[in-house]
Amino acid sequence: MHTILSLYQYTPHQEEAIHSPNEAIVVTAGAGSGKTRTLVGRYLALLESGLPLRSIVAITFTDKAAREMRTRIRSAVETWLERCADPMQRARWEQAFAALDGARIGTLHSL
């Protein structure tokens, strides 16, 4: 079965972080290494597992990074909605998409 995560290719280390059974993860790496992609994948995986959007908190160091993360999540959900044929999945992702403005994605100081 295809999932929203099938929209992207991830490295083994990214997959490990995305699917970690730990409630909280920290992603640290150099510039351009895929930190945001990994965090977006993690966020989408948590949504796909059934967690309510407002129960997920994503903390970044900068407002720019938080905006980028929200933009990428929104883009992934939009793309998935264009491809999703299952009415149940579609309804769940439409609900998540509608709630994205209220997602708790930001810096430590903004949350």
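Below are some exercises with worked solutions on this predicted model.

**Exercise 1. Classify the ring pair formed by Tyr8 and Tyr10, and work out whether each tyrosine is buried or exposed.**

Start with the general recipe: a pair of aromatic rings is described by the distance of the centres and the angle of the planes.

Step 1. The structure holds one aromatic pair, and Tyr8 and Tyr10 form it, with 6.1 Å centre to centre. That passes, because ring centres have to lie within 6.5 Å to pair.

Step 2. The planes of Tyr8 and Tyr10 are 55 degrees apart. Stacked needs under 30 degrees and edge-to-face needs over 60, so this pair goes down as tilted.

Step 3. Now for accessibility. Tyr10 has a relative accessible area of 13%, so Tyr10 is buried. Tyr8 comes in at 26%, which means Tyr8 is partly exposed.

**Exercise 2. Find which ring Arg74 lies over, and at what distance from the ring centre.**

Just one step here: Arg74 sits over the face of Phe97, 5.7 Å from the ring centre.

**Exercise 3. Describe the surroundings of Thr38.**

Step 1. Place it: Thr38 belongs to helix H2, which covers residues 35-48.

Step 2. Check burial. Thr38 is buried because its relative accessible area is 5%, against a cut-off of under 20%.

Step 3. Look for a polar partner. A polar atom of the Thr38 side chain lies 2.8 Å from the backbone oxygen of Gly34.

Step 4. List the contacts. Skipping residues up to four places away in sequence, Thr38 touches Gln14, Ala17, Ile18 and Val27.

**Exercise 4. Work out which residues of the largest nonpolar core touch the most other members, and where the core comes from.**

Keep the background in mind: in soluble globular proteins, nonpolar side chains tend to be buried together.

Step 1. The largest nonpolar core has 25 residues, and Tyr43, Leu44, Ile73, Trp93 and Ile105 touch the most other members.

Step 2. Helices H2, H3 (63-83) and H4 (87-99) each chip in at least two residues of this core. H3 gives the largest share, seven residues.

Step 3. Zoom in on Trp93. Its contacts, leaving out residues up to four places away in sequence, are Ile4, Leu44, Leu47, Glu48, Val77, Trp80 and Leu81.

**Exercise 5. Sort the residues of strand E1 by face, then find its pairing partner.**

A handy rule first: in a regular strand the side chains alternate between the two faces of the sheet.

Step 1. Strand E1 runs over residues 57-60; Ala58 and Thr60 are on the covered face, while Val57 and Ile59 are on the uncovered one.

Step 2. E1 pairs with strand E2 (residues 104-107) in the parallel sense, over four bridges. Opposite Thr60 stands Thr107 in E2.

Step 3. Ask what touches the covered face. Met69 of helix H3 has both Ala58 and Thr60 among its contacts, alongside others including Tyr43 and Ile105. Met69 is buried, because its relative accessible area is 3%.

**Exercise 6. Compare Ser20 and Arg92: where does each lie, and is each buried or exposed?**

Step 1. Ser20 is in the loop between helix H1 (12-18) and H2, whereas Arg92 is in helix H4.

Step 2. Ser20 counts as buried because its relative accessibility is 16%. Arg92, at 34%, counts as partly exposed.

Step 3. Not counting residues up to four places away in sequence, Ser20 touches Ile25 and Arg42. With neighbours within four places set aside, Arg92 is in contact with Leu47 and Glu48.

Definitions and conventions: Residues are numbered from 1 along each chain as its sequence is written. This is a predicted model: local features need pLDDT of at least 70, side-chain atom pairs count only at pLDDT 80 or more; totals for chains, interfaces and linings use all residues. Side-chain values use heavy atoms; hydrogens and water are left out. Rings of Phe, Tyr and Trp (its six-membered ring) pair if their centres lie within 6.5 Å; planes under 30 degrees apart count as stacked, over 60 as edge-to-face and the rest as tilted. Buried means under 20% relative accessible area, exposed over 50%, partly exposed in between (1.4 Å probe, protein chains only). A charge sits over a ring if NZ of Lys or CZ of Arg is within 6 Å of the ring centre and within 35 degrees of the ring normal. A polar contact is a pair of N or O atoms within 3.5 Å; within protein, one must be able to donate a hydrogen and the other to accept it, and residues adjacent in sequence count only if both atoms are side-chain atoms. Contact means heavy atoms within 4.5 Å. A nonpolar core is a set of buried Ala, Val, Leu, Ile, Met, Phe, Trp, Tyr and Cys residues joined through side-chain atoms within 4.5 Å. Two strands pair if DSSP finds at least two bridges between them.
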